[in-house]
Amino acid sequence: MEGWDAVQSEAEQRLQELLRQCGRLPRHVAIIMDGNGRWALERGLPRVEGHRQGIQSVREVVTVAVCLGIPYVTLYAFSMENWRRPQAEIQALMRLLQYYLWRELPELQRRNIRLRAIGKLTALPRRVQQALRRAVEATAANTGLTLTLALSYSGRWDILRAVQLIAIDVRRGKLSPEDITEERFASYLLTHDLPEPDLIIRTSGEMRLSNFLLWESAYAEIYVSNLYWPDFRRHAFYQALLDYLRRERRFGMTAEQQVQRCLAESLWVQLEELLHEVES
Ligand code: IPE
Ligand code: IPE
Ligand code: MG
């Protein structure tokens, strides 16, 4: 089903209700949307068709995040290294980006979504920058989900940029080297106003971060799905969230020190059953 308004079955609504109630959902989900090209090639289609189909996965994941009250979602849409791709693919991707930034804006507004972007945005074509600026400004006062697009993004680049800004402040006498704590350092990153990601999802089975949120992901839970991004729809997202809920996050401590509440076994049975119903 295409579009934003996929009908939600009773089972899905109940699943959402239970997930909301469990009180342990991630605050920030960051997604490496990978496998668009392979999805298309396996169907004898041009790679760009995979990118286009991937938009529906974005709509579904964002819709679920809004329904569940997850406050932050970050999508890795174009890496700095992706500029090395063939010009024709880059152009097609930029055209899609520009078109959808324009086309989806009313839906973002309707859902009270605040759009943001991180990355070397000045490297984007001017028309994409304009479309982005317009969407970011138009949604700036929205109070629901903060949806961040990582565009022309590189984790190392952002860290280096922070180091340069810090060096400038030290030279100007605004900051002394002893004051460079983790918190202070993070305040110079483009992600300074986002919480660290709790869950990083990567699709298409690749087990790497590809330069995504390197500093911020220190204690993120990583979930790899074998599905290509265009096939990663609501059901797959719920599955990733259930997997996350099963994890024990220790942050360097022992299991005994953990105060994290386990979900009751009866709740798991219900969640799994409802997920199964959403699938069928
Ligand atoms: C992810 O899909 C989208 C971008 C990186 C822009 P890919 O285009 O990387 O698809 P694969 O990994 O080649 O299949
Ligand atoms: C990572 O995917 C970047 C995005 C999803 C935007 P790539 O397809 O570019 O990553 P590699 O090259 O397989 O590591
Ligand atoms: Mg890829």
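Which residues are around ligand 2? In this predicted model, the residues around ligand 2 are I32, M33, D34, Y76, A77, F78, S79, N82, R85, R202, R208 and S210. Strand 2 is the element that puts the most into this shell, with four residues. Sorted by class, the shell around ligand 2 comes out as five nonpolar, three polar and four charged residues.

Oxygen atoms of ligand 2 take part in several pairings with side chains. An N or O atom in the side chain of N82 sits 2.8 Å from an oxygen atom of ligand 2. For D34, the distance from a side-chain N or O atom to an oxygen atom of ligand 2 is 3.2 Å, and for an N or O atom in the side chain of R202 it is 3.4 Å. As for cover, ligand 2 on its own has 390 Å² of accessible area, and the protein covers 78% of that.

Now to ligand 1. There are 13 residues around it, and D34, G37, R38, R47 and R85 come nearest. D34 and R85 also turn up in the list for ligand 2. Here the backbone joins in: a backbone N or O atom of G37 lies 2.9 Å from an oxygen atom of ligand 1, while a polar backbone atom of R38 is 2.7 Å from an oxygen atom of ligand 1. R85 uses its side chain instead, with a polar atom 2.7 Å from an oxygen atom of ligand 1. Taken alone, ligand 1 has 380 Å² of accessible area, of which the protein covers 87%.

Three elements give two or more residues each to the shell around ligand 1: helix 2 (36-41), helix 3 (47-68) and helix 4 (87-103). Helix 2 gives the most, with three residues. The class split for the shell around ligand 1 is three nonpolar, five polar and five charged residues.

Where do the ligands sit? Ligand 1 sits in the largest pocket, and ligand 2 sits in the largest pocket too. About 930 Å³ of space lies in that pocket. Its lining runs to 39 residues, with M33, N36, Y76, A77 and F78 lying nearest the centre. Of those, M33, Y76, A77 and F78 are also among the residues around ligand 2.

Several elements build the lining of the largest pocket. Helix 2, helix 3, strand 2 (72-79), helix 4 and strand 4 (146-153) are the ones that give two or more residues. Helix 3 leads here, giving the most to the lining with seven residues. By class, the lining of the largest pocket holds 22 nonpolar, eight polar and nine charged residues.

What about the second largest pocket? About 280 Å³ of space lies in it. The second largest pocket is lined by 16 residues, and E182, E183, A186, E196 and W215 lie nearest its centre. Helix 8 (residues 182-186) gives the most to this lining, with three residues. The lining of the second largest pocket splits into eight nonpolar, four polar and four charged residues.

Note on methods: Residues are numbered from 1 along each chain as its sequence is written. Chains are lettered from A and ligands numbered from 1 in the order in which they are written. This is a predicted model: local features need pLDDT of at least 70, side-chain atom pairs count only at pLDDT 80 or more; totals for chains, interfaces and linings use all residues. Side-chain values use heavy atoms; hydrogens and water are left out. A residue is near a molecule or strand if one of its heavy atoms lies within 4 Å of it. A polar contact is a pair of N or O atoms within 3.5 Å; within protein, one must be able to donate a hydrogen and the other to accept it, and residues adjacent in sequence count only if both atoms are side-chain atoms. Accessible areas come from the Shrake-Rupley method with a 1.4 Å probe; for residues, only the protein chains shown count as cover. On a 1 Å grid over the protein atoms alone, a cavity is a set of points where a 1.4 Å probe fits but cannot get out, and a pocket is an open set with protein on both sides within 12 Å along at least five of seven lines; lining residues have an atom within 4 Å of a point. A molecule sits in a cavity or pocket if more than half of its atoms lie within 2 Å of its grid points. Ala, Val, Leu, Ile, Met, Phe, Trp, Tyr, Cys and Pro count as nonpolar, Asp, Glu, Lys and Arg as charged, and the others, Gly among them, as polar. Grid points are joined across faces, edges and corners, and a volume is the space filled by probe spheres set on the points.
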